[in-house]
Amino acid sequence: MLSFECDYNMGAHPKILEALVKTNMEACQGYGSDIYTERAKEKIRKLCGQEGADVHFLVGGTQTNRIVIDSVLKKYEGVIAATTGHINGHEAGAIEASGHKVLTLPGYDGKLRASDVEKLLSDFYSDRAHEHMVFPGMVYISHPTEYGTLYTLNELTELSELCRHHSLPLYLDGARLGYGLMSCDTDVSLVDIARLCDVFYIGGTKVGALCGEAVVFTHNNAPKHFFTSIKQNGALLAKGRLLGIQFDTLFTDGLYFEISENAIDRAQELKQLFQDKGYTFFKNSPTNQQFIIMSDEKIKELSPIVRFEVWERVDETHCAVRFATSWATEKKDIEALAEIL
């Protein structure tokens, strides 16, 4: 069966497996104190242009979002996010379970507008009863978004300037960051993200690693005892080397960017295939997630032989479906799909 349902359905890049096997019998210090983890941190700092950045490795995206947001917010604060934001819709209430409300705003193509955030803040503080309400304490965005769309440098700059004006941390979820950075349609670099965001993470789980995300606090602003918070929330590996080795490998000889580019190339082939077959698109995504409008009849016909995700209903007889490529998608997969279609 062909598989396009997500970008984390394969194991890990062979070079990562090779590195894990090669170092398997080495005795390493635990909890991320090993040489591989330190080396990975240094490589990330250098690529971000932030030599003093505080880098931490966590096991997965949901744990990362929950721990970062909970550790930054005060107990009476919530986090601003688009209604379609991952923390609002696909993390089983992890943020709310930590005692913080997700303060939602309508997004446009999955993105937040700085003007909408400004209005939310203005409306909040102009309300005489705001002391009875959840205070906005952070802005959350993802790049790429849930719809595969990207912030422009101007949009990211506007949000950053607004957040700094109001002393709100700007947090960027980079679960698919590699795919955003390698898109032909982006003008945002890793250095830009590190400069404009207060904290972000570089996704490994969806970009070639077995598991793991690299959290980067960019301006000497890591919460006090963040390491302890990671452990307290069950996201710290005793064998921290398993994450360090993976990220050390991903950021050796440009592997992270090379395999991300593969996903983009395959996604463009996928996009062209659906265009040639006469399909219309629910969203215009420049990254590895492609959203196609498909009839219920066609969905039923394809489902036994092709895995993809039904996203949302468009009308009585059509749904938006998502086809995702990844670091592991091959040309032959696109060719096989073309034959099926």
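**Close-up 1. The side chain of Arg-322 reaches the backbone oxygen of Glu-5.** In this predicted model, the two meet at 2.8 Å. Arg-322 belongs to strand β13, which spans residues 318–324. Is this arginine buried or exposed? Its relative accessibility is 4%, so Arg-322 counts as buried. Look around the residue and, setting aside neighbours within four places in sequence, you will find contacts with Phe-4, Glu-5 and Cys-6. Further contacts of Arg-322 include Arg-176, Gln-289, Gln-290 and Phe-291. Phe-308, Glu-309 and Trp-311 are also among its partners.

**Close-up 2. Seven strands form an open sheet.** Follow the strands across and you will read the order β2-β8-β7-β6-β5-β3-β4. The pairing is mixed. Which strands sit at the edges? They are β2 and β4, each of which pairs on one side only. From one strand to the next, the twist averages 25°. As a reminder for newcomers, strands of a sheet pair through backbone hydrogen bonds, either parallel or antiparallel.

**Close-up 3. Strands β5 and β6 run parallel.** Here β5 covers residues 135–142 and β6 covers residues 170–173. How many bridges join these two strands? There are four. To find your bearings, locate Ser-142, which stands opposite Asp-173 in β6.

**Close-up 4. Strands β2 and β8 run antiparallel.** Five bridges join this pair. A handy landmark is His-56, which stands opposite Val-215 in β8. Strand β2 is an edge strand of the sheet, yet it is mostly covered, with four of its five residues buried.

**Close-up 5. Helix α11 is mostly covered.** This helix runs over residues 241–250, and nine of its 10 residues are buried. Which residues are these? The helix opens with buried Arg-241, and the list goes on with Leu-243, Gly-244, Ile-245, Gln-246 and Phe-247. Asp-248, Thr-249 and Leu-250 complete the buried set. What covers them includes the helices α1 (14–22), α2 (35–48) and α12 (255–276). Strands take part too, including β2 (54–58), β7 (199–203) and β8 (213–217).

**Close-up 6. Asp-109 and Lys-283 meet in a salt bridge.** Their side chains come together at 3.2 Å, N to O. The pair links distant parts of the chain, as the two residues are 174 residues apart. Asp-109 is found in the loop between β4 (102–105) and α6 (114–126), while Lys-283 is in strand β9 (residues 281–283). Asp-109 is partly exposed, with a relative accessible area of 37%. Lys-283, in contrast, is buried at 19%. Side chains of opposite charge can pair when their charged atoms come close. A search of the whole structure finds 15 salt bridges, and the next two views show others.

**Close-up 7. Lys-119 forms a salt bridge with Asp-123.** The closest N and O atoms are 2.7 Å apart. Where do these partners lie along the chain? Both are in helix α6, four residues apart, so about one helical turn separates them. Asp-123 is partly exposed, with a relative accessible area of 40%.

**Close-up 8. Asp-296 forms a salt bridge with Arg-313.** In this pair the closest N and O atoms are 3.3 Å apart. Asp-296 lies in helix α13 (residues 296–302) and Arg-313 in strand β12 (residues 309–313), so the bridge ties together parts that are 17 residues apart in sequence. Both ends are partly exposed: Asp-296 has a relative accessible area of 28%, and Arg-313 has 47%. Elsewhere, salt bridges that share partners join Arg-39, Lys-43 and Asp-248 into one network. Asp-248 is also one of the buried residues of helix α11.

**Close-up 9. Cys-28 and Cys-319 in a structure with zero disulfides.** Why does Cys-28 not form a disulfide? The closest cysteine sulfur, in Cys-211, is 16 Å from the sulfur of Cys-28, which is too far for a bond. For Cys-319 the closest cysteine sulfur is in Cys-6, 19 Å away, and this is again too far for a bond. As for their surroundings, Cys-28 is partly exposed, with a relative accessible area of 25%. Cys-319 is buried, with a relative accessible area of 6%.

Notes:
Residues numbered from 1 in each chain as written. Predicted model: local features only at pLDDT ≥ 70, side-chain atom pairs only at ≥ 80, totals over all residues. Heavy atoms only, no water. Buried < 20%, exposed > 50% of the residue type's maximum accessible area, 1.4 Å probe, protein only. Contact = heavy atoms within 4.5 Å. Disulfide = S-S within 2.5 Å. Salt bridge = Lys/Arg side-chain N within 4 Å of Asp/Glu carboxyl O. Polar contact = N/O pair within 3.5 Å; in protein donor to acceptor, adjacent residues only side chain to side chain. Pairing = 2+ DSSP bridges. Axes fitted to C-alpha atoms, helices over the stretch in contact; angles between N-to-C directions.
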